[in-house]
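Trainee: Could you walk me through reading a structure like this one? Let's put it up and start.

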Amino acid sequence: MKTIKIIPLLFLFLLSACSSIRVNSDYDSHVDFSQYKTYAFHKKGIDRVQISELDKKRILHAIDNALMQKGMSKSENPDLLVNIFTKEREQIDVNQFNMGWGYGWGWGWNPYFWGGNTYVSSSTQGTLFIDLIDAKKKELVWEGQGIGILTENRKEKEKQINEFVSKILAQFPPAPETK
């Protein structure tokens with residue numbers, strides 16, 4: 001009976017371990033994050049981001065949704081300014097599969113060797129940074145980062161962007177530190 005109760009937990013653990021997006025965050029430990037109730041996008045910073053305007057809109061919409069779910073609201077006179085930054089890099093994976101048999105151990109020519117394949121694949125790894133800046137002090141107070149493999153499939157982009165943003169902002173606000 002105990003194994004039946006453990007199976008759903010094991011399934012949940014395996015499901016969460018399969019996530020292709022890794023996130024982390026950093027913040028100023030001297031800041032009281034409960035004071036922040038409103039936000040606005042930092043237009044100058046966001047205009048510099050070199051991604052398609054459609055992807056930029058998707059990211060900003062996802063951030064809007066995530067922050068509103070946390071009880072924050074957009075304002076002309078915000079407590080926080082939200083900025084984003086992206087980067088990407090090409091990732092090449094080379095896998096070799098050799099199959100053969102012969103005699104002895106060690107280096108050298110194997111007359112009985114047969115079979116062998118090399119597979120090369122490439123993907124684009126993207127990083128999304130979300131910066132939260134104290135609007136009055138003009139200081140960075142929190143930064144979240146998500147890293148994952150990007151898709152070119154238009155139907156999957158919005159889903160993937162929402163996953164990036166929700167996982168990053170799940171770490172905001174940080175839990176109060178105990179001293």
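Trainee: Is Phe33 buried or exposed?

Mentor: The general idea is a relative accessible area: under 20% is buried, over 50% is exposed, and anything in between is partly exposed, using a 1.4 Å probe and protein chains only. Phe33 comes out at 10%, so it counts as buried. Bear in mind that this is a predicted model, where local features need pLDDT of at least 70, side-chain atom pairs count only at pLDDT 80 or more, and totals for chains, interfaces and linings use all residues. Residues are numbered from 1 along each chain as its sequence is written, and side-chain values use heavy atoms, with hydrogens and water left out.

Trainee: Which ring does Phe33 pair with, and how do I read the geometry?

Mentor: Rings of Phe, Tyr and Trp (its six-membered ring) pair if their centres lie within 6.5 Å; planes under 30 degrees apart are stacked, over 60 edge-to-face, and the rest tilted. The whole structure holds 6 aromatic pairs. In one of them, Tyr27 and Phe33 have ring centres 6.0 Å apart and planes at 80 degrees, so that pair is edge-to-face. Tyr27 is partly exposed, because its relative accessibility is 29%. A tilted pair is formed by Phe85 and Phe129, at 5.6 Å centre to centre with 40 degrees between the planes. Phe85 sits in strand E4 and Phe129 in strand E5, so this pair ties together parts 44 residues apart in sequence. Phe85 has 45% relative accessibility and counts as partly exposed, while Phe129, at 11%, counts as buried.

Trainee: Which residues do ring pairs link into a cluster?

Mentor: Tyr27, Phe33, Tyr36, Trp142 and Phe172.

Trainee: How are the strands and helices laid out from the N terminus on?

Mentor: Helices (H or I, at least four residues) and strands (E, at least two) are DSSP runs, numbered from the N terminus. Here you get 4 helices and 6 strands, in the order α-β-β-α-α-β-β-β-β-α.

Trainee: Gln125 lies in strand E5; what is it in contact with?

Mentor: A contact means heavy atoms within 4.5 Å. Leaving aside neighbours within four places in sequence, Gln125 touches Arg22, Lys87, Glu88, Arg89, Gln91, Ile147, Gly148, Ile149 and Leu150. Gln125 counts as buried, since its relative accessibility is 11%. For the protein, take contacts between residues at least 6 apart in sequence: 72% of them join residues at least 24 apart.

Trainee: What lines the largest pocket?

Mentor: On a 1 Å grid over the protein atoms alone, a pocket is an open set of points where a 1.4 Å probe fits, with protein on both sides within 12 Å along at least five of seven lines; lining residues have an atom within 4 Å of a point. This lining has 18 residues, with Ile51, Asp55, Thr86, Glu88 and Leu150 nearest the pocket's centre. Helix H3 (53–69), strand E4 (80–100), strand E5 (113–134) and helix H4 (154–169) each supply at least two lining residues.

Trainee: Where is Gly71, and is it buried or exposed?

Mentor: Look in the loop between helix H3 and strand E3 (73–74). Gly71 counts as exposed, because its relative accessibility is 60%. Its C-alpha is 8.9 Å from that of Thr38, although the two are 33 residues apart in sequence.

Trainee: And how much of the protein is buried?

Mentor: Buried residues make up 33% of the 179.
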